Amino acid sequence: MNQFKLLRFSTCIFLILAGSALAGRAVTQEQSQNFMREFNRIEFRKLPIVGDWFEDQDLFRHRVRVFAKWLDQNPIQMFDELREHEPIARMSSIPIRGAKYKNSSAILVMKSADVIEVLDHPEVFSVRHFAEKMSPLGEHMLSVDVSPIHAIEKPWMRKMMPATDMKRIGEMVDRMALISTDLMQVVSEDGKSAKLDVVNALGRRVPILLSGEYFGFPGPDMTTMYRWSHATQEDFFHNLPNQRKLRNRAVKASEEMLAYATDLIEKRKAALKDPATSAQADDVLSRMLKNEKLDTADLTDDRVGINIVATLIAGVETTETVVVQALQELMKRPEQFELAKKAALANDDELLRKYVWEALRFHPLNPVMPRYAEKDYVIGKGTSRETKIERGATVLVGTQSAMFDEEVIPNPKAFSIDRPASIYMLFGYGHHRCLGEMVSSVQVPRIIKSLLVKKNLRIVPSKAPRKVPAFPEDFWVEYDL
Ligand code: HEM
């Protein structure tokens with residue numbers, strides 16, 4: 001397990017994960033009590049020739065490996081121990097091939113208050129890692145911090161996707177899930193049951209269909225859309241070490257997507273000149289084009305293109321991953337699973353969303369999110385954990401840890417749907433909080449609902465989900481007909 005993946009951007013993010021976070025997270029009792037001991041062990045300290053500097057390097061490198069392993073196998077226990085014993089911990093730098101910026105140590109920040117402090121200071125803790133990765137697309141709100149692009153385009157995009165669309169999105173997702181299930185389920189020979197691959201039939205298929213119908217970005221065909229989203233998501237947010245093959249695929253996909261978007265925008269603009277078409281066109285892209293010049297002259301066709309392309313990149317693997325992870329967490333808890341099914345059968349979408357969000361607290365898309373220290377900064381000032389973070393450090397912000405911080409979350413280990421919405425950091429926090437949160441808060445539970453209403457829903461035991469590299473490639477369930 002020497003491949004260190006940190007930083008998952010699922011949306012929207014980096015996460016270099018070691019191995020499969022989907023395939024069993026169980027650890028032995030002995031392991032579960034000993035994260036700190038493993039983390040603090042200095043494997044090479046006894047070598048006679050090493051001076052202090054080398055001792056520190058060895059300690060910190062060793063820590064990176066231990067952190068990666070525990071992030072994969074038992075993050076909640078690890079976060080508990082870190083918060084208790086070393087809430088601001090230092091590791092060696094994360095290797096980034098060809099990094100054009102200073103890349104010193106990596107700092108883990110695990111207390112809720114410190115997580116919020118980092119994410120509330122985008123002028124200090126930037127998304128520089130993403131900027132480098134997303135360069136084939138051009139600047140985007142997630143690759144810049146306090147800047148005109150972020151200040152103008154995020155509110156603009158929010159206006160294009162208002163909460164009043166939720167009902168419509170829900171109806172679309174219900175329809176798409178139903179049709180996709182009918183099309184993709186594999187009915188048994190006796191006709192009494194069916195098997196379904198949740199990832200390919202729903203998790204990645206519905207967001208691509210939604211991209212066409214709601215976002216107005218249909219793409220040439222389903223296969224190309226999936227290749228584009230997968231290649232860019234994989235490289236931008238899961239390839240921090242810069243493997244050339246993944247990078248090349250993403251650059252090619254970005255070029256193709258932008259060319260397709262340019263052509264699509266031209267055609268859509270021509271079509272919108274017809275008043276009848278314009279009056280009917282109510283997808284996000286058409287809205288952007290109709291409103292484009294109203295707000296500011298900065299919103300050129302190029303900016304429209306980058307923003308609409310980014311909705312595809314941000315919305316597919318993120319959705320397929322959380323659908324699978326939420327289902328797995330619910331299925332692990334029979335009592336909660338039954339209650340979630342009851343909410344689904346009663347069509348109580350808001351109640352079901354609460355079950356899904358709480359399930360995701362135990363296995364979110366992004367357990368940690370990366371930031372880059374643009375200047376020296378003292379975090380946790382006046383507390384016993386006060387620490388100077390030096391310019392050039394990568395800060396791994398423990399958003400999942402914050403959702404389990406007993407200082408602010410009562411009884412954090414309990415599964416409870418009564419927690420206030422404000423404690424959830426499933427979609428990030430602060431300046432870069434997810435633009436697609438509203439869409440996802442409809443889409444994800446509705447996809448899951450389409451499964452929970454099936455009779456006797458169960459996992460197909462022989463088919464463990466494959467994860468290549470960071471997203472589930474399949475997840476088979478079975479139900480009675
Ligand atoms: C369940 C699905 C999703 C999850 C879990 C998710 C998660 C996230 C997270 C954690 C961030 C914050 C990244 C950071 O601060 O470093 C983020 C940002 C973002 N997400 Fe999502 N996302 C999802 C779906 C979507 C969708 C459907 C869209 C399409 C509009 C989208 C668009 C974005 C954008 C544009 C940002 C950057 C916002 C900014 O920089 O201000 N996401 N997402």
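## Exercises on a predicted protein model

Of the 481 residues in the protein chain, 45% are buried (20 or more other C-beta atoms lie within 10 Å of a residue's own C-beta, which is placed from the backbone). This is a predicted model: local features need pLDDT of at least 70, side-chain atom pairs count only at pLDDT 80 or more, and totals for chains, interfaces and linings use all residues. Numbering starts from 1 along each chain as its sequence is written.

### Exercise 1: one face of a helix

Find the buried residues of helix α5 and explain where they sit around its axis.

**Solution**

Step 1. Locate α5 at residues 112-119; helices here are DSSP runs of H or I with at least four residues, strands are E runs of at least two, and both are numbered from the N terminus.

Step 2. Pick out the buried residues: S112, D114, V115, V118 and L119.

Step 3. Look down the axis: these residues fall within an arc of 165 degrees, so they line one face of α5. The arc is taken from the directions that run from the helix axis to the C-beta atoms.

Step 4. Recall the general rule: an α-helix has 3.6 residues a turn, so residues three or four places apart point the same way.

### Exercise 2: the sheet beside α5

Work out the strand order of the open sheet with 5 strands, then place α5 on it.

**Solution**

Step 1. The order is β3-β4-β11-β8-β5, with mixed pairing; strands pair if DSSP finds at least two bridges between them.

Step 2. The edges are β3 (88-91) and β5 (125-126), each pairing on one side only.

Step 3. β3 runs antiparallel to β4 (residues 106-109), joined by 4 bridges. R90 has I107 in β4 as its bridge partner.

Step 4. α5 packs on this sheet and touches β3, β4, β5, β8 (369-373) and β11 (394-397); a contact means C-beta atoms, placed from the backbone, within 7 Å.

### Exercise 3: two helices crossing

Describe how α11 and α12 are arranged.

**Solution**

Step 1. α11 spans residues 222-238 and α12 spans residues 244-272.

Step 2. Their axes come within 8 Å and cross at roughly 130 degrees; axes are lines fitted to C-alpha atoms over the stretch in contact, and angles run from 0 to 180 degrees between N-to-C directions.

Step 3. The two helices are therefore oblique to each other (angles under 35 degrees count as roughly parallel, over 145 as roughly antiparallel, 65 to 115 as roughly perpendicular and the rest as oblique).

Step 4. Among the residues that meet are W228 and F236 in α11, and L246 and M257 in α12.

Key. Buried ≥ 20, exposed ≤ 12 C-beta atoms within 10 Å, placed from the backbone. Contact = placed C-beta atoms within 7 Å.
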